[in-house]
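Got the viewer open? Here is a short tour, one selection at a time.

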Amino acid sequence: MNPFALFEEDTDGPDEVPFITDTHRRRFVALLIDTSWSMAATQSNGVRAIDALNRELARWLPSVRAEGRGPLRDVEFLVITFGAGGVGVVSGNGTPSAEDDGAFVPASRLELPTLVAGGASPMVAAVDLALTLVEQRRQHVQTVHAQQTGGPRLILVSDGAPTDEEGNPTDDWRPLARRLEQWRSTRRLQLFAFGVPGVDDEVMRALATPSGYFPLDDLDLRKLLDLILVATSDHVDFERVRNQVYGDDLR
């Protein structure tokens, strides 16, 4: 799989692309990563999943930054983890702020700290925070910078089921699914959900719809991150991502 094939139609070289504040439109991509205790317990080729994820992130981030000087030059990333320490912003300045130089950072400047696994899986709170910050950022960019904004995109990665902050099972995802449906119809939201082994398929399908949910057969974190990069492309739809995941084995 070539995760950059979808970008090859862009002919601008990196040196010819203006900085993001000079573009006419911005797109917001919120990446939500499950860092609960299972990521510390699960093994990937004999390595803890969280350690393998950090290793692959170190390989992946330079590719994101390179694409941020080209096809992803209009993209601002928000990265949220849910697990160790509860729900937290790990992009930008690490605070839940939609102001300039806050939680959102241009793709060309995306950096992430080493992630730590542990604790519960407050997925619902993480999605709620992402929706709040994306809407606040949209209003800020339109009001302060007088720029257009594209439909927001959420990318959710999990290997378990949602819990509250104390680790108790919760059904709060059910009303969240209804709110997400409203977002899809009124704000052109797209939610791509990737489930690695151990995930609750019912929850992920309810949140992302069957079209937007992509269960993975194994804990291939390199493939997962490449799929995430594909899912940030401006003109990618669910079917094109599905073809990248499964090829001719359609689900």
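Two strands count as paired if DSSP finds at least two bridges between them. Keep that in mind, and remember that this is a predicted model.

Start by selecting strand E9, residues 190–195. Of its 6 residues, 5 are buried, so the rest of the structure largely encloses E9.

Now add E8, residues 153–158, which pairs with E9 in the parallel sense over 6 bridges. To spot one bridge, pick arginine 153 and its partner in E9, glutamine 190. Bring in helix H4, residues 173–186, as well: E8, H4 and E9 make a right-handed β-α-β unit.

Next, show E10, residues 213–215. E10 and E9 pair in the parallel sense too, over 3 bridges. Select phenylalanine 194 and you'll find its bridge partner in E10, phenylalanine 214. Follow the chain from E9 through H5 to E10, and you trace a right-handed β-α-β crossover.

That brings us to H5 itself, residues 201–212. Put a distance on its end C-alpha atoms: the helix spans only 12 Å, where a straight one of 12 residues would span 16 Å. Which residues of H5 are buried? Colour Val203, Met204, Leu207, Ala208 and Gly212. Look down the axis of H5: these buried residues fall within an arc of 90 degrees, so they line one face of the helix. As a general point, an α-helix has 3.6 residues a turn, so residues three or four places apart point the same way.

Last stop: zoom in on the start of H5, where a side-chain oxygen of aspartate 200 comes within 3.1 Å of the backbone nitrogen of glutamate 202.

Definitions and conventions:
Residues are numbered from 1 along each chain as its sequence is written. This is a predicted model: local features need pLDDT of at least 70, side-chain atom pairs count only at pLDDT 80 or more; totals for chains, interfaces and linings use all residues. Side-chain values use heavy atoms; hydrogens and water are left out. Helices (H or I, at least four residues) and strands (E, at least two) are DSSP runs, numbered from the N terminus. The expected span of a helix is 1.5 Å times one less than its number of residues. Buried means under 20% relative accessible area, exposed over 50%, partly exposed in between (1.4 Å probe, protein chains only). The arc is that of the directions from the helix axis to the C-beta atoms. A polar contact is a pair of N or O atoms within 3.5 Å; within protein, one must be able to donate a hydrogen and the other to accept it, and residues adjacent in sequence count only if both atoms are side-chain atoms. A crossover is right-handed if, with the strands pointing away from the viewer, the path from the first strand over the helix to the second runs clockwise.
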